[in-house]
Structure formats: C-alpha cells, structure tokens
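Reader: I am new to this structure and would like a close look at one part of it. Could you choose a place in the chain and then describe what lies around it?

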Amino acid sequence: GLGNQEPSAGFVARRLEVRRGRIRLVELDSPHSGVRLRGAELRIDSIWSGWDLGASASWLDPQDRTTGRDLPRRARETARLELDRGFGKFRLGITGSAEGDRYDDLANTRRLNGFATLDIRGEYAFHADWTLQGRVANVFDAHYETAAFYNQPGREFFLTLRFRPMR
C-alpha cells in the first residue's frame, strides 16, 4: 500500500481521509516520469471482545502512463489482519498478510505470484522489567518472491529476552 508516504517534488497528490475507521483515497501523479499511482486504503483499529484488532486493505493502480503497463514489483491488492490479546502476564498475537500478483519487469512479461503469510507471537512478562518473547514468522512456510529470483525467507523462529526498566 501507499502507507503514510508523502509525494516528492514534482508529484501532484490528491487525498481523501476519513478518520476512526480510516479510508484513504490517494492519487500520485508525476508529469515528469509518466508514473501514476491511484488507489484506496482502508484501515480499522479497534478492540473486539478483549482483542486488539488491526485490519487494513489497499487497492492500487500502479501505472506507467507512457506504456500503459503496470509498474514493476507493485501488487494491486494487499491486506493485513492483526489480532492481539493480553492474559495477565501473557500476551498472544497473530498476523495474516496477503499480496496479489505483480510484475517484476517494465515489459510486464515476468509475473510474480501473489502470496499470503501467517505469523504468530507470544510473550511472558516474568518480571516488571523483563519479558520473554517468541515468534514464528511464515508459519506455513510459504515460498514466494517480491523480486524475481530473490526468494523470501521460509518459516523462521525468533526468541527474544527484552529488558525495559519501568522506573
């Protein structure tokens, strides 16, 4: 998605935002490069039955106006869902992400498949200043590329001991 990116010099930007459940319509247009990005983003952050919920989706039309083709390495659709909840000294969370197909090249001949990943995490605050955190990224070991011939990591495991003084 376009996130919170601001247009650089030479770009014309149009934006509509609705706060709370955030809807953003964005158009970036550069007369010098022939690049046009049009799209919409939806972001919702809420608390639902004790769970912290974050959800976002974006739809993008990444176009090279000189050729009419898609810009390389930009998915037209992306989505993300995050759920987190605390249970006393424990905290659990899950994140699901998905991105649609994209092209790797300017000619739009090398298509990269869309993909979805799922991450899980947990933490235990065993002391006011110390937390043990664990995370499994890409739980289902999805094989995907965001650029041709550059595979993204498969399933990964992380264990972190965090010290954060609460003075």
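**The loop after strand 11 and its neighbouring strands**

Author: Asp-141 has its place in the loop between strand 11 and strand 12, where a strand is a DSSP run of E with at least two residues, and a helix a run of H or I with at least four, both numbered from the N terminus. This is a predicted model, in which local features need pLDDT of at least 70 and side-chain atom pairs count only at pLDDT 80 or more, whereas totals for chains, interfaces and linings use all residues. Residues are numbered from 1 along each chain as its sequence is written, and side-chain values use heavy atoms, with hydrogens and water left out.

Although Asp-141 is not a glycine, its phi is positive, near 55°. Asp-141 is partly exposed, because its relative accessible area is 25% (buried means under 20%, exposed over 50%, and partly exposed in between, with a 1.4 Å probe and protein chains only).

Strand 11 (130–137) and strand 12 (156–163), which flank this loop, also help to form the second largest pocket, where each of them supplies at least two residues of the lining, as do strand 7 (90–99) and strand 10 (115–124). A pocket is an open set of points on a 1 Å grid over the protein atoms alone, where a 1.4 Å probe fits, with protein on both sides within 12 Å along at least five of seven lines, and lining residues have an atom within 4 Å of a point. The second largest pocket holds about 220 Å³ of space, a volume being the space filled by probe spheres set on the points, which are joined across faces, edges and corners. Its lining has 13 residues, and those nearest its centre are Arg-121, Gly-122, Glu-123, Gln-133 and Gly-134.

Strands 7, 11 and 12 each supply at least two residues to a nonpolar patch as well, and strand 12 gives the most, with 3 residues. The patch covers about 970 Å² of surface, and Phe-90, Trp-130, Leu-132 and Leu-161 are among its residues. Such a patch joins nonpolar side chains (Val, Leu, Ile, Met, Phe, Trp, Tyr) within 5 Å, taken from residues with over 30% relative accessible area and no salt bridge, that is, no side-chain nitrogen of Lys or Arg within 4 Å of a carboxyl oxygen of Asp or Glu. Phe-90, which lies in strand 7, is partly exposed, with a relative accessible area of 46%.

Technical notes:
Patch = residues over 30% accessible without salt bridge, like charges linked within 9 Å, V, L, I, M, F, W, Y side chains within 5 Å. Areas by Shrake-Rupley, 256 points an atom, 1.4 Å probe, with all protein chains shown as cover.
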